[in-house]
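Visitor: I am in my first year of study, and I would like a close look at a single part of this structure, namely its largest pocket. Please take me through the pocket slowly, and then through the parts of the chain that lie beyond it.

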Amino acid sequence: MTPNSESKELVITREIHAPRELVYQVWTEAEHLKHWWGPKGFEISVKHLDFREGGFFHYSMQAPDGSQMWGKFVYQEIKAPEKIVWINCFSDEAGNIVRSPFSELIPLEIRNEVTLSDNNGTTDITLCSRPINASEEERSFFEGMFDSMKQGFGGTFDQLEQYLSEEKTSQSVQ
């Protein structure tokens, strides 16, 4: 599977006030992911996490209104503690890829690459996303969602930053 060469890539960068090894750890363990991954206000439940190339993360997201969606990452490349590449998709409870519950035009599969760069005790995160195996209509729709996705990932990264500040506090107490 390769990204569509015609697709524009969504690129989001963020400085996180935590060391790279800790930031990497909270991307790789179920106990951490459930506390910060996903849209702001959603409760994440981890059904399965096999963090290795070829492994997957399967999770549910419960909205404040009680509705539920499922998501899945299939890990493509892992280079600790600096890079994670995965294919992201909506899924059903059994882990089968399904269309997004809110639009038929969202590509079935999105390739995400997150890089973590050490910056003197803080971590610079760069997330790059683009559809793979997508139709022209799906690619266009994806590109039209950039502002919304930047806002959504901004909320997710806010949750990450908050969770990491709590983790650093609890680690210093132990």
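Guide: What follows is a walk through the pocket, then the core, and then some single residues and loops.

Please keep in mind from the start that this is a predicted model. The largest pocket has a volume of about 670 Å³, and 26 residues line it, of which Asn-88, Phe-90, Phe-102, Met-149 and Phe-153 are the closest to its centre. Several elements give two or more residues to this lining, and they are the strands β3 (56–62), β4 (68–79), β5 (83–91) and β7 (109–119), together with the helix α4 (146–173). Among the contributors, α4 gives the most, with five residues. If you sort the lining by class, you find 17 nonpolar residues, eight polar ones and one charged residue.

From the pocket we can turn to the nonpolar core. In soluble globular proteins, nonpolar side chains tend to be buried together. Here the largest nonpolar core has 38 residues, and the members that touch the most other members are Trp-27, Trp-37, Trp-86, Ile-125 and Leu-160. The helix α4 appears again at this point, for α4 gives the most to this core, with seven residues, just as α4 gives the most to the lining of the largest pocket.

Trp-37 is a good residue to select on your screen while you think about the core. Leaving out residues up to four places away in sequence, Trp-37 touches Trp-27, Ile-44, Phe-57, Tyr-59, Phe-73, Trp-86, Phe-153, Thr-156 and Gln-159. Two of these names, Trp-27 and Trp-86, are also among the core members that touch the most other members, while Phe-153 is one of the residues closest to the centre of the largest pocket.

Trp-27 leads us on to helix α1, which covers residues 20–28 and is largely enclosed by the rest of the structure, because seven of its nine residues are buried. The buried residues in α1 are Arg-20, Leu-22, Val-23, Tyr-24, Val-26, Trp-27 and Thr-28. Arg-20 also has a link to strand β8, where Thr-123 is found, since the backbone nitrogen of Arg-20 lies 2.9 Å from a polar atom of the side chain of Thr-123. Thr-123 itself counts as buried, because its relative accessibility is 0% and the cut-off for buried is under 20%. Apart from residues up to four places away in sequence, Thr-123 touches Arg-14, Glu-15, Ile-16, Ala-18, Pro-19, Arg-20, Val-23, Leu-116 and Ser-117.

Another buried residue with a polar side chain is worth following in strand β7, where Asn-112 has its place. With 3% relative accessibility, Asn-112 counts as buried, and its side chain makes a polar contact with the side chain of Ser-129 at 2.3 Å. When residues up to four places away in sequence are not counted, Asn-112 touches Ile-84, Val-85, Trp-86, Asn-88, Leu-127, Cys-128 and Ser-129. Asn-88 brings us back to the pocket, as Asn-88 is one of the residues closest to its centre.

Let us now move to the loops. In the loop between β4 and β5 you will find Pro-81, and the peptide bond that leads from Ala-80 to Pro-81 is cis, with omega near -10°. The loop between β7 and β8 (122–132) holds Asn-120, which has a positive phi of about 55° although it is not a glycine. Asn-120 counts as exposed, because its relative accessibility is 78% and the cut-off for exposed is over 50%. A positive phi, near 50°, is also found at Asn-133, again a residue other than glycine, and Asn-133 lies in the loop between β8 and α3 (136–144).

Two glutamates in loops complete the walk. Glu-104 is found in the loop between β6 (97–98) and β7, and with 56% relative accessibility it counts as exposed. Once its neighbours within four places in sequence are set aside, Glu-104 is in contact with Arg-99 and Glu-138. Glu-93 lies in the loop between β5 and β6, and, with its neighbours within four places in sequence left aside, Glu-93 is in contact with Lys-47, His-58 and Trp-70.

How values were computed
Residues are numbered from 1 along each chain as its sequence is written. This is a predicted model: local features need pLDDT of at least 70, side-chain atom pairs count only at pLDDT 80 or more; totals for chains, interfaces and linings use all residues. Side-chain values use heavy atoms; hydrogens and water are left out. On a 1 Å grid over the protein atoms alone, a cavity is a set of points where a 1.4 Å probe fits but cannot get out, and a pocket is an open set with protein on both sides within 12 Å along at least five of seven lines; lining residues have an atom within 4 Å of a point. Grid points are joined across faces, edges and corners, and a volume is the space filled by probe spheres set on the points. Helices (H or I, at least four residues) and strands (E, at least two) are DSSP runs, numbered from the N terminus. Ala, Val, Leu, Ile, Met, Phe, Trp, Tyr, Cys and Pro count as nonpolar, Asp, Glu, Lys and Arg as charged, and the others, Gly among them, as polar. A nonpolar core is a set of buried Ala, Val, Leu, Ile, Met, Phe, Trp, Tyr and Cys residues joined through side-chain atoms within 4.5 Å. Buried means under 20% relative accessible area, exposed over 50%, partly exposed in between (1.4 Å probe, protein chains only). Contact means heavy atoms within 4.5 Å. A polar contact is a pair of N or O atoms within 3.5 Å; within protein, one must be able to donate a hydrogen and the other to accept it, and residues adjacent in sequence count only if both atoms are side-chain atoms.
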